[in-house]
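Visitor: Please give me a close look at one part of this model, the ligand site. Then carry on to other spots along the chain.

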Amino acid sequence: MPVRNSLEIVTFPNAEKSAGAAAYVADKETEKQLKDLLPKWGYSNSQIRRGSLPEAIRDYTDKAMPTVLIVDISKVALPLSDLQALADICPPQVNVVVLGTRDNVGLYRDLMEIGVTDYLVKPVPSDLLYRAVARASGQIAARNAEPRVGKSVAVYGVRGGVGATTTALNTGWLLANHHNRQVMLADLNLTCGTLALELGLEPTSGLAELLTDPDRIDNVFVDRATLEAEEKLKLLASETEIDAAHTYDGAAVARLMQHLRSRYHFIIHDIDRSAPATAMTVLKNADVRLLVMDTSLAAVRDAARILKFLKSEAEEKKTLLVLNRSRARSGVELPIEKITQFVDHQIDITIPFDKKKLAVASMNAEPVARAKVPITDAYLKLASELIGQREKPARSNWLSGLRGG
Ligand SMILES: Nc1ncnc2c1ncn2[C@@H]1O[C@H](COP(=O)(O)OP(=O)(O)O)[C@@H](O)[C@H]1O
Ligand SMILES: [Mg+2]
């Protein structure tokens with residue numbers, strides 16, 4: 001199996017009660033029961049309302065979800081497909097408890113397979129309800145002990161200037177805005193990275209400190225270092241002194257990654273090429289590697305070398321080769337067949353040349369992917385590839401919906 005198949009979103013052992021709960025229930029009795037009990041159990045900021053799954057999907061498409069979401073499916077015609085829709089907008093740290101009226105083993109099994117924390121048949125005895133809510137908020141161990149975590153994507157330009165940062169930025173933006181995923185962009189070039197510049201944000205010393213002293217990595221420290229580009233698109237970026245030495249190794253990135261995995265669907269690393277040993281470790285460790293190249297001879301040579309290097313490892317992971325037409329065509333260039341033959345890998349995505357749109361986007365500090373242009377279509381294809389939509393079976397489940405998104 002070439003692609004890592006483990007589940008990729010977290011079950012939140014550390015979720016806090018204060019993170020809150022929301023419930024959409026179809027009947028008055030259960031509504032009253034939850035209104036009485038949730039505050040007693042410490043969920044003082046819970047929101048309980050009459051409604052069901054479609055209302056939950058509607059309400060949370062653009063809004064942050066509480067950690068525990070209780071949804072009633074008793075009046076929903078196609079609960080499994082609606083739950084899939086909910087999965088598509090569900091951030092990693094949310095656990096879902098489903099209420100219904102059908103006491104049916106097949107349905108129960110389907111729901112568990114989809115990844116909901118519990119299915120409870122109404123009227124629900126209070127002790128069962130308590131256990132389900134406690135499990136969903138991480139107070140007691142989840143049934144499904146297998147951790148679900150976000151996907152790490154490492155973007156590496158095989159040469160400087162081939163468009164790696166442009167690829168990281170636009171793919172990340174589309175995953176957040178088109179696919180509603182929680183995305184973290186991490187600019188690993190601490191001295192001269194350009195992601196903050198491209199997003200119009202001011203870098204802080206936070207990421208440099210985290211990577212230099214990984215023992216300090218914790219929620220508070222990471223949150224302080226995190227810059228918000230948009231609600232679902234965050235950035236870690238620093239701008240150390242121009243003559244600063246390279247201060248971190250691949251292990252530090254792995255630790256930070258481990259931490260971010262529980263909170264983001266995708267963590268996209270823009271790799272610093274100036275420290276090859278660290279760069280190669282980060283690339284090796286990532287779930288998906290995006291190698292960006294252009295059609296120059298040097299890029300083709302280096303793409304081949306890196307692909308060979310990545311192939312030598314025991315566990316084969318997903319590697320996507322992106323051909324970015326970052327330079328105007330000169331009329332003298334290697335034909336694609338020759339390139340794929342030489343690098344011994346297919347070109348997975350080709351990004352068309354568009355200097356002007358990219359320059360304007362850069363000047364405005366807005367990703368080009370905001371505009372409907374051919375370059376955006378190419379990045380959309382890449383984002384879908386990362387979500388796994390291309391290979392998705394007709395009836396996919398919650399976890400594959402959440403898997404890496
Ligand atoms: N498809 C493209 N068409 C035209 N120009 C591009 C394209 N992709 C990237 N560029 C431009 O090339 C330059 C280098 O891109 P960048 O993403 O910073 O490369 P890298 O991170 O690999 O060094 C930038 O000015 C960028 O706007
Ligand atoms: Mg770059």
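Guide: Start with three words: a residue is buried under 20% relative accessible area, exposed over 50%, and partly exposed in between (1.4 Å probe, protein chains only). This is a predicted model, in which local features need pLDDT of at least 70, side-chain atom pairs count only at pLDDT 80 or more, totals for chains, interfaces and linings use all residues, and side-chain values use heavy atoms, without hydrogens or water. Residues are numbered from 1 along each chain as its sequence is written, while chains are lettered from A and ligands numbered from 1 in the order in which they are written.

Now the ligand site. How many residues surround ligand 1? There are 17 of them, each with a heavy atom within 4 Å of the ligand. The closest are Gly 161, Ala 164, Thr 165, Thr 166 and Asn 324.

Look at the contacts with three of these residues. They are polar contacts, meaning pairs of N or O atoms within 3.5 Å; inside the protein, one atom must be able to donate a hydrogen and the other to accept it, and residues adjacent in sequence count only if both atoms are side-chain atoms. Gly 161 uses its backbone: a polar atom there is 2.8 Å from an oxygen atom of ligand 1. Thr 165 uses its side chain, where an N or O atom lies 2.8 Å from an oxygen atom of the ligand. Asn 324 also brings in its side chain, but here the partner is a nitrogen atom of ligand 1, at 2.8 Å from a polar atom. Taken alone, ligand 1 exposes 550 Å², and the protein buries 77% of that (Shrake-Rupley method, 1.4 Å probe; for residues, only the protein chains shown count as cover).

Which helices help to build the shell? Both α6 (164–177) and α14 (355–363) supply at least two residues each. The biggest giver is α6, with 3 residues. Such labels follow DSSP runs, numbered from the N terminus: helices are H or I with at least four residues, strands are E with at least two.

Follow α6 onward. The loop between α6 and β7 (183–187) holds Asn 180. Asn 180 is not a glycine, yet its phi is positive, at about 60°. Most residues other than glycine have a negative phi, and most peptide bonds are trans. Is Asn 180 buried or exposed? Asn 180 is buried, at 19% relative accessible area.

Asp 344 makes a good partner for comparison. Its phi is near 60°, again positive in a residue other than glycine. Asp 344 sits in the loop between α13 (336–343) and β13 (349–351). Asp 344 is exposed, with a relative accessible area of 55%.

One peptide bond deserves a stop. The bond from Lys 122 to Pro 123 is cis, and its omega is near -5°. Pro 123 belongs to the loop between β5 (118–121) and α5 (126–136).

Next, go past β7. Cys 192 is in the loop between β7 and α7 (195–199). Cys 192 is partly exposed, at 45% relative accessibility. Its C-alpha is 6.4 Å from that of Glu 239, although 47 residues separate the two along the chain.

Ser 238 lies in the loop between β9 (233–236) and α10 (250–260). Ser 238 is buried, at 4% relative accessible area. What does its side chain meet? A polar atom of the Ser 238 side chain lies 2.7 Å from the backbone oxygen of Thr 204. The backbone nitrogen of Ala 208 is 3.0 Å from a polar atom of that side chain.

Finish with two helix residues. Asp 110 is in α4 (residues 105–114). Asp 110 is partly exposed, at 26% relative accessibility. Asp 110 and Leu 80 are 30 residues apart in sequence, while their C-alpha atoms are 8.0 Å apart. Leu 34 is in α1 (residues 28–40). Leu 34 is buried, with a relative accessible area of 0%. From Leu 34 to Ala 22 is 12 residues in sequence and 9.8 Å in space, C-alpha to C-alpha.
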